[in-house]
Amino acid sequence: MKPPQKPPMARLDRLLANLGYGSRREVTALVARGQVILDGATLKDAGARIAVTADLPARMIIAGQPVDPPAPLTILMHKPLGVVCSHREAGRSVYELLPPRWQGRLPALSSIGRLDKETSGLLLITDDGPFLHRVISPKSEVAKRYVATLDRPLAGGEAELFAAGTLMLDGEKDPLAPAVLEPLGPNEARLTITEGRYHQVRRMFAAIGNHVTALHRDRIGGLGLSEDLEPGAWRILAPGEQAVIFD
Ligand code: URA
């Protein structure tokens with residue numbers, strides 16, 4: 001059996017600053033005001049070294065509230081329509097749907113891949129770099145499942161075309177990997193892809209003369225978007241759920 005891993009240690013002021021509670025000076029003042037409690041005892045020294053355990057929110061109280069979860073943190077969000085996934089794009093971003101303090105976190109939170117502004121559905125946001133890279137790595141072949149509403153009725157040959165692994169997208173030099181299309185109605189289909197090329201689903205239908213009028217992602221690998229998570233709502237992914245993605 002592996003010996004239990006020791007939790008990482010961090011200076012209290014650095015830990016709280018990296019969680020977005022303010023500058024090192026501001027969090028030092030917070031400690032001096034007796035607003036930081038760990039395991040029932042008020043901390044006096046902002047330079048104290050703290051064991052950063054996953055259950056820290058159950059152990060540490062800041063100004064009367066449980067401390068935010070430490071890194072690594074992964075969020076499962078139901079991305080609503082009309083918000084963007086990048087800080088650099090104009091408009092309201094998915095990060096603005098999270099607690100404002102989280103925008104000051106280090107390591108920073110970033111979405112695992114992106115959904116277009118006009119695409120809704122399952123989006124993962126994480127500060128766990130190795131996990132992010134594993135999910136988006138072409139080697140992992142993680143399946144992303146979408147429901148697309150189409151301008152024109154399905155013609156009948158789309159499933160074979162997408163499954164062939166020969167479809168070329170405009171301006172690209174390599175064909176797409178095989179994808180699975182399941183018709184859901186005359187103008188609706190479920191499409192599962194293992195790549196993440198730019199606007200891939202919309203461009204796939206454009207390549208065969210159709211047009212996507214609505215797009216929603218409901219699954220990444222073995223992880224589904226549950227019906228009770230409303231657009232704009234999110235939850236923290238439990239540690240064991242990361243593995244479900246690669247099932
Ligand atoms: N494909 C698209 O065209 N848009 C998305 O947001 C995701 C996949």
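Biologist: Why is the ligand said to lie between domain 2 and domain 3?

Modeller: Keep in mind that this is a predicted model. Domain 2 (74-137 + 222-245) and domain 3 (144-220) each supply residues to the shell around the ligand, so the ligand lies between them.

Biologist: What makes a residue part of the residues around the ligand?

Modeller: A heavy atom within 4 Å of the ligand is what counts. That gives L115, D116, T119, Y146, H199, Q200, V201, R202 and L215. By class, four of the shell residues are nonpolar, three are polar and two are charged.

Biologist: Which helix gives the most to that shell?

Modeller: Helix α6, residues 200-207, with three residues.

Biologist: What makes the pair between D116 and the ligand a polar contact?

Modeller: The cut-off is 3.5 Å between N or O atoms. A backbone N or O atom of D116 is 2.8 Å from a ligand oxygen, so the pair counts. For R202, a backbone N or O atom lies 3.0 Å from an oxygen atom of the ligand, so that pair counts too. A polar backbone atom of H199 is 3.1 Å from a ligand oxygen.

Biologist: How much of the ligand does the protein bury?

Modeller: On its own the ligand exposes 240 Å², and the protein buries 96% of that.

Biologist: How do you know which pocket the ligand sits in?

Modeller: The test is that more than half of its atoms lie within 2 Å of the pocket's grid points. By that test the ligand sits in the largest pocket.

Biologist: And where does domain 1 come in?

Modeller: Domain 1 covers 9-66 in the domain assignment. Taken over C-alpha atoms, its centre is 49 Å from that of domain 3.

How values were computed: Residues are numbered from 1 along each chain as its sequence is written. This is a predicted model: local features need pLDDT of at least 70, side-chain atom pairs count only at pLDDT 80 or more; totals for chains, interfaces and linings use all residues. Side-chain values use heavy atoms; hydrogens and water are left out. A polar contact is a pair of N or O atoms within 3.5 Å; within protein, one must be able to donate a hydrogen and the other to accept it, and residues adjacent in sequence count only if both atoms are side-chain atoms. Accessible areas come from the Shrake-Rupley method with a 1.4 Å probe; for residues, only the protein chains shown count as cover. On a 1 Å grid over the protein atoms alone, a cavity is a set of points where a 1.4 Å probe fits but cannot get out, and a pocket is an open set with protein on both sides within 12 Å along at least five of seven lines; lining residues have an atom within 4 Å of a point. Helices (H or I, at least four residues) and strands (E, at least two) are DSSP runs, numbered from the N terminus. Ala, Val, Leu, Ile, Met, Phe, Trp, Tyr, Cys and Pro count as nonpolar, Asp, Glu, Lys and Arg as charged, and the others, Gly among them, as polar. Domain bounds come from an automatic or database domain assignment.
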